[in-house]
Amino acid sequence: MTAMNELLDILDLEELEHNLYRGRSPQVEWQRVFGGQTIAQSLVAAQRTVPAERHVHSLHGYFMRPGDIKVPIVYEVDRIRDGASFTTRRVTAVQHGQAIFSLETSFQVREQGLDHQIPMPPDVPMPETLLSQRDLLKTMEHIPEVIRKFWARERPLEIRPVNLKHYSSRDRLPPRQNVWIRLTGPVPEGDPRLSSVLLAYLSDMTLLDTSTFAHGRGLFDPDIQAASLDHAMWFHRAHALDDWLLYTQDSPSASGSRGFNRGALYARDGTLIASTAQEGLIRLRRPHK
């Protein structure tokens, strides 16, 4: 609950001036701002300039510099277009006088139309049958210490991975995974905008890691330099976030020191809520001579 309350607090941006907002980061022992936080805060800034009856349907962002958790982030909104049905915004996140992230996002008045979706993957174990990451720390012996510390941190999210082998093994595995994920505290009801922001926040979890499986590697390996380069998300259907979500992910390609990943977020009842895509830096560090 403490971590969840902190998350809700940091998503409530301070308005500095017309089209200008300021956000802060939780003071945790981590090297840089979590990418999902920057995406979510940028979306909040954009939402503040859009009529309430228009809802986000897509966003596309680029990470340019690592965020500094010790200083605030200033978000500048450019009101690109206000159309009859769609609204477009560009947001630039700035620290130390330099852009660290840029976001373009589009909002739409809700409309009825054709409706279909790809079904949720069959035969995925339910989250109640799986161990949490903290419980896994007690049962898995060969987890690298850096992963152990990461899992032990208090976070506003709980993750229960279906696939475990890549955490303790360096075998080459198919580049796909299923992860159950949920928020650790209640989400205020009747606020679809906040639900979209929270979805954007959690969408950055575990996605980039998928591109390392085919190579028997992991993001925390000492010879891997990893960072998100971009992030795209499409919001398909509104749904309550008071239960587990299945985040199914795959990585069609890795090349040029970049890994490409795709994801789909399903509610427990099989509703496809959102889709994601992300490319990240996956660079092999050269050994020191």
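**View 1. Phe34, a partly exposed ring.** Phe34 has a relative accessible area of 22%, so this residue counts as partly exposed. Keep in mind that what you're looking at is a predicted model. The cut-off matters here, because buried means under 20%.

**View 2. Phe34 meets Tyr201 edge-to-face.** Phe34 has a partner: the structure holds two aromatic pairs, and here the ring centres of Phe34 and Tyr201 sit 5.1 Å apart. Their planes are at 80°, so we call this pair edge-to-face; the cut-off for that name is over 60 degrees. The pair also links distant parts of the chain, 167 residues apart. Phe34 belongs to the loop between strand 2 (20-23) and helix 2 (35-47), while Tyr201 belongs to helix 6 (residues 192-202). And is Tyr201 buried or exposed? Tyr201 is buried, with a relative accessible area of 10%.

**View 3. Phe63 and Phe101, a tilted pair.** Now for another couple of rings: the centres of Phe63 and Phe101 are 4.8 Å apart. With planes at 45°, the pair is tilted. Phe63 sits in strand 3 (residues 54-63) and Phe101 in strand 6 (residues 98-109), so the pair ties together parts of the chain 38 residues apart in sequence. Phe63 is buried, and Phe101 is too.

**View 4. Helix 2 crosses helix 6.** Follow the two helix axes and you'll find that they come within 7 Å, crossing at roughly 155°. That angle makes helix 2 roughly antiparallel to helix 6, because angles over 145 degrees get that label. The crossing of helix 2 with helix 6 is right-handed. Who does the touching?
- From helix 2: Gly36, Gln37, Ile39, Ala40, Leu43, Val44 and Gln47.
- From helix 6: Arg193, Ser196, Val197, Ala200 and Tyr201, the last of which you met as the ring partner of Phe34.

Sort the residues of this contact by class and you get seven nonpolar, four polar and one charged.

**View 5. Leu13 and its contacts.** Leu13 lies in the loop between helix 1 (2-10) and strand 1 (14-17). Where a loop residue ends up isn't obvious from its name, so check the number: at 5% relative accessibility, Leu13 counts as buried. If you set aside its neighbours within four places in sequence, Leu13 is in contact with Tyr21, Arg22, Gly23, Gln41, Val44, Ala45, Arg48 and Tyr75. Val44 is also one of the helix 2 residues in the contact with helix 6. Finally, Leu13 and Ile73 are 60 residues apart in sequence, yet 9.8 Å apart in space, C-alpha to C-alpha.

How values were computed
Residues numbered from 1 in each chain as written. Predicted model: local features only at pLDDT ≥ 70, side-chain atom pairs only at ≥ 80, totals over all residues. Heavy atoms only, no water. Phe/Tyr/Trp six-rings, centres within 6.5 Å; stacked < 30°, edge-to-face > 60°. Helix = DSSP H or I, 4+ residues; strand = E, 2+ residues; numbered from the N terminus. Buried < 20%, exposed > 50% of the residue type's maximum accessible area, 1.4 Å probe, protein only. Axes fitted to C-alpha atoms, helices over the stretch in contact; angles between N-to-C directions. Parallel < 35°, antiparallel > 145°, perpendicular 65-115°, else oblique. Left-handed = near helix turned anticlockwise from the far one by under 90°. Contact = heavy atoms within 4.5 Å. Nonpolar A, V, L, I, M, F, W, Y, C, P; charged D, E, K, R; others polar.
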